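Reader: I should be grateful for a close look at one part of this model, namely the packing of its helices. Please set out the detail in connected prose, and add what can be said of selected individual residues.

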Amino acid sequence: MNGITVEAVRQRLLTEAATYKKKTEECMLDEALGRVLAETVTAPEAIPAFAKSPYDGFALPYEAGRQHFTVVATIGAGQVYDGVVAKGEAVRIMTGAPLPDGCDTIVMQERCELDDHALTVRGTITEGDNIIPCGEECEAGAVLMRAGIGIGAGQLAVAAGVGRASVTVYRRPKVLLLTSGREIIAPGTPMTKGKVYNSNLYMLKGLLQEQGLTPYATYHISDDPARLDEETTMVKRLAAEADVIISTGGVSVGLFDSMPAIYEALGAEALYGRIQMRPGAASYGGIIRRDEGNPVFCLGLSGNPTAAYNSFQLFVVPLLRTLSGYAEALRPPLRVRLGVDIHKKNPFDRYVQGVIVSEQGEGVFYPNELYTSSALLGMAKTNGLAKLLQGHTDYDKGDYVDVLPVADITL
């Protein structure tokens with residue numbers, strides 16, 4: 001089988017993606033979760049902007065040997081003591097309240113006895129104790145977040161914490177999702193012989209949503225030669241605003257495989273065809289170059305569920321991450337041990353779905369029962385793809401393999 005390697009496919013896609021001109025927009029924090037930051041966020045002032053108390057206690061000016069003080073005020077978070085605290089005086093202070101002028105030490109409440117306004121401190125008082133200093137986290141102007149990171153709850157907290165009501169984010173690429181096959185029927189339809197439920201539609205929509213994207217349109221192509229012109233016209237209309245077209249099925253060499261013809265009718269220039277991998281060799285990659293504006297990426301995946309899933313993780317994810325503005329396109333693989341023997345002919349690199357688990361503090365990979373391209377049920381538990389190298393047929397339990405994580409993994 002002639003073809004192109006997995007690495008070469010990714011390189012071609014990412015090289016073309018580097019020419020994509022990303023647009024930005026302002027996004028309120030309430031809507032920014034899952035977006036990609038398109039600006040550098042800096043601290044407008046020191047953080048914290050004032051010295052403050054980490055505990056409930058008493059703020060006072062340190063004086064060697066003094067254990068007794070007169071409490072002149074009480075302040076909580078958000079309150080400020082007006083005036084300067086003199087030697088022999090103290091201010092009762094709550095967690096987070098700013099350190100009063102004249103004070104340089106805070107004593108925890110648990111070490112204090114208060115009788116009306118008379119304060120007695122038990123034990124030794126250490127000068128400068130228990131104060132969160134101004135600028136403990138950073139000075140004014142410090143870089144807090146750089147462009148190209150995904151915005152999660154922590155990033156939202158930082159943005160809000162420096163007074164930002166909105167941030168600049170990259171616009172999401174627009175995705176058109178196509179399925180194909182005359183054997184495909186919708187879930188909920190009575191099953192008849194020879195038919196298959198359209199699991200790929202829901203798998204791919206879910207995979208896109210995991211990347212923070214939702215297809216703006218979906219369409220099913222029947223692979224009926226009599227309807228090819230009609231369906232090509234419909235795809236052309238739907239694709240007018242697309243940045244990426246993802247299809248599943250119809251990319252092999254069967255009599256009714258129509259996707260390459262449809263992509264050609266759309267004006268796509270082929271970037272690659274068959275890929276030197278198992279499963280997922282049947283594939284199509286192309287690009288529609290526009291006179292104005294960004295190109296359209298056309299990615300035809302296998303109609304077999306496992307093959308389509310693997311190709312999405314290996315090729316579509318890094319492309320979408322690049323177009324979405326992420327600084328890092330590729331997730332690094334994990335080096336983990338095999339939990340069982342794998343003996344399989346690998347004329348090309350094989351990507352095996354399975355589960356990474358933690359055993360005695362180390363990652364261990366267990367492959368799904370079936371390695372075939374048409375396998376479906378194992379995807380319900382898959383969190384990694386193990387790469388079995390071309391020509392390497394015997395992997396023993398305990399051997400180390402590279403596994404691409406496709407879900408959050410805690411080891």
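Author: What follows treats the helix packing and then turns to two single residues. The model is a predicted one, and the account should be read accordingly.

Helix H6, residues 305-324, is a suitable place to begin, with helix H1, residues 6-17, as its partner; the two axes come within 10 Å and cross at roughly 20°. Because angles under 35 degrees count as roughly parallel, H1 is roughly parallel to H6. The crossing in which H1 passes H6 is right-handed. On the H1 side, the contact is made by Val6, Val9, Arg10, Leu13, Leu14 and Ala17. On the H6 side, Leu314, Phe315, Pro318, Leu319, Thr322 and Leu323 take part. Sorted by class, this contact of H1 with H6 comprises 10 nonpolar residues, 1 polar and 1 charged.

Helix H3, residues 199-210, also packs with H6, at an angle of about 25° and with the axes 11 Å apart. By the cut-off of 35 degrees, this angle makes H3 roughly parallel to H6. H3 passes H6 in a right-handed crossing. H3 supplies Ser199, Asn200, Met203, Leu204, Leu207 and Leu208 to the contact, while H6 supplies Pro305, Ala308, Tyr309, Phe312, Gln313 and Leu320. The contact of H3 with H6 divides into 9 nonpolar and 3 polar residues, with no charged ones.

Two individual residues may now be considered. Ser258 lies in the loop between strand E15 (244-248) and helix H5 (259-265). Its relative accessible area is 9%, so Ser258 is buried, the limit for that term being under 20%. The side chain of Ser258 makes a polar contact with the side chain of Asp223, at 2.6 Å. Leaving aside residues up to four places away in sequence, Ser258 touches Ile221, Asp223, Leu228 and Gly250.

Ile106, in turn, belongs to strand E6, residues 105-108. Ile106 has a relative accessibility of 1% and therefore counts as buried. Residues up to four places away in sequence again being set aside, Ile106 touches Lys52, Ser53, Phe58, Ala59, Ile93, Leu99, Asp129, Asn130 and Ile131. Tyr170 is 64 residues from Ile106 along the chain, and 46 Å separates the C-alpha atoms of the two.

Technical notes
Residues are numbered from 1 along each chain as its sequence is written. This is a predicted model: local features need pLDDT of at least 70, side-chain atom pairs count only at pLDDT 80 or more; totals for chains, interfaces and linings use all residues. Side-chain values use heavy atoms; hydrogens and water are left out. Helices (H or I, at least four residues) and strands (E, at least two) are DSSP runs, numbered from the N terminus. Buried means under 20% relative accessible area, exposed over 50%, partly exposed in between (1.4 Å probe, protein chains only). A polar contact is a pair of N or O atoms within 3.5 Å; within protein, one must be able to donate a hydrogen and the other to accept it, and residues adjacent in sequence count only if both atoms are side-chain atoms. Contact means heavy atoms within 4.5 Å. Axes are lines fitted to C-alpha atoms, for helices over the stretch in contact, and angles run from 0 to 180 degrees between N-to-C directions. Angles under 35 degrees count as roughly parallel, over 145 as roughly antiparallel, 65 to 115 as roughly perpendicular and the rest as oblique. A crossing is left-handed if the near helix is turned anticlockwise from the far one by less than a right angle, and right-handed if clockwise. Ala, Val, Leu, Ile, Met, Phe, Trp, Tyr, Cys and Pro count as nonpolar, Asp, Glu, Lys and Arg as charged, and the others, Gly among them, as polar.
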